[in-house]
Amino acid sequence: MTIRHHLSEPLLMAYAAGSLPEAFALVAASHLSMCDDCRAALAGYEAVGGAVLEAGDAVEISDAGLIATLARLGTPEPRSPMPVRRALILPVPLHDYVGGDLAAVKWRPIGMGVRQSILATTGGCSARLLYIPAGQSVPDHGHRGLELTLVLQGAFCDATDRFGRGDMEIATEALQHAPVAEAGQDCICLAATDARLRFTGVVPRLMQGFLRI
Amino acid sequence: MRSVPPGGKVFVTLEQAETDWVALMCRVRDAQDKVAFAALFRHFAPRIKAFLMKSGASAALAEECAQDVMATLWQKAGQFDPARASVATWVFTIARNRRIDALRRARRPEPEAVVWGPESEPDQADVYAVAQENRRLGVAMAALPEKQRALIERAYYGDLTHSEIALETGLPLGTIKSRIRLALERLRHQMS
């Protein structure tokens, strides 16, 4: 698996800083689970956080604070065992939200064979899984804010490029696109957005309230 | 309060750079050494408290959370990996997660864990290199223009959105990235 489309530097920094809304953080954590390049870059941005902490001010904590903390120290957790590498379609953080792998997803049809499953996140942004049958297109749409899409299975293409498993598409207001799932395998994506999509067609617009997209 | 020299902040003082936090952390991890823990507490807890206050916590909440963070450091010491992060970086990630939990009351999705097995100790050369890279990063940040450094600090206090974070930070992250990349590759190789 070669990942060609990655998290951007500002997104990595925001994830390292802990300021991404939960839905975007879920996409970031899922991509990071699949991409060692981004994981290494994240470690760099976390090191910046360490440097900020180290160089920042210090506000006095009394000895009573230390004594209280010492009093509550228990037995440390044993060192983590080797992780069991499971062949999952859903990366581990996403697996935790769904409560299982692909078979556990509760899909809802939204027309033309496309299915979605909305994931519970807080912070004003939404995250959903999308199932697009091979060869099927998603209606032409623009974006009011930011939309992050991570491919989990299959691939899709739009005017900008091809996106396969592990690839991220970062769509801003400048992008108007109509993604098409590649023939051969149904495409499954994780998508998060901080605003509602802007469809050009009348029917998709009418359906928007019902679909919650 | 730590004394701050006139004209700005010092990112890494000689004294701090020479204290071997990794050695203290390993004593906590391997021997549950409370003296080593107290030394780490005296250095890091006041910084965590200040960091959380800058992120918008009251002094009381910040102190409570700083104690939580230090208790977590003890509890999860077995996860500390000096070949992948400095002690300050590791403390920062725990403090960040505590902030998300306490201040934003949100969940923090984390990537799948990549951990060293008990039988594979991290390479000492990696441990040394990570410490070197962090030192260089600290020096580079101290040399940044005040305005740019203030912006980076605000980003880490959780004060900037992802779209407000500028792309060009001028930080020498390339070497850190390639170091971590190598450590990950070695680890994946061991596991396969």
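**Exercise 1. Determine how many residues of strand 3 (residues 126-132) of chain A are buried, and what covers its two faces.**

Solution. In strand 3 of chain A, 7 of the 7 residues are buried, so the strand is largely enclosed by the rest of the structure; strands (E, at least two residues) and helices (H or I, at least four) are DSSP runs numbered from the N terminus, and a residue is buried if 20 or more other C-beta atoms, placed from the backbone, lie within 10 Å of its own, exposed if 12 or fewer, and partly exposed in between. This is a predicted model, in which local features need pLDDT of at least 70 and side-chain atom pairs count only at pLDDT 80 or more, while totals for chains, interfaces and linings use all residues. Residues are numbered from 1 along each chain as its sequence is written, and chains are lettered from A and ligands numbered from 1 in the order in which they are written.

Next, separate the faces, since in a regular strand the side chains alternate between the two faces of the sheet. On one side lie A:Ser126, A:Arg128, A:Leu130 and A:Ile132, on the other A:Ala127, A:Leu129 and A:Tyr131, and all are buried.

**Exercise 2. Identify the strands that pair with strand 3 of chain A.**

Solution. Two strands pair if DSSP finds at least two bridges between them. Strand 2 (residues 115-119) of chain A runs antiparallel to strand 3 and is joined to it by 5 bridges, with A:Ile118 standing opposite A:Arg128. The hairpin of these two strands has 6 residues between them, among which A:Gly123 takes a positive phi near 100 degrees. Strand 10 (residues 187-193) of chain A is also antiparallel to strand 3, through 7 bridges, and here A:Leu129 stands opposite A:Leu190.

**Exercise 3. Check the length of helix 6 (residues 124-142) of chain B and locate its buried side.**

Solution. The expected span is 1.5 Å times one less than the number of residues, so the 19 residues of helix 6 should span 27 Å, and the end C-alpha atoms, 27 Å apart, agree with this. The buried residues of this helix are B:Val130, B:Glu133, B:Asn134, B:Leu137, B:Gly138 and B:Met141. They cover an arc of only 140 degrees around the axis, which puts them on the same side of helix 6; the arc is that of the directions from the helix axis to the C-beta atoms. The face turned away from this buried side carries the exposed residues B:Gln124, B:Ala125 and B:Gln132.
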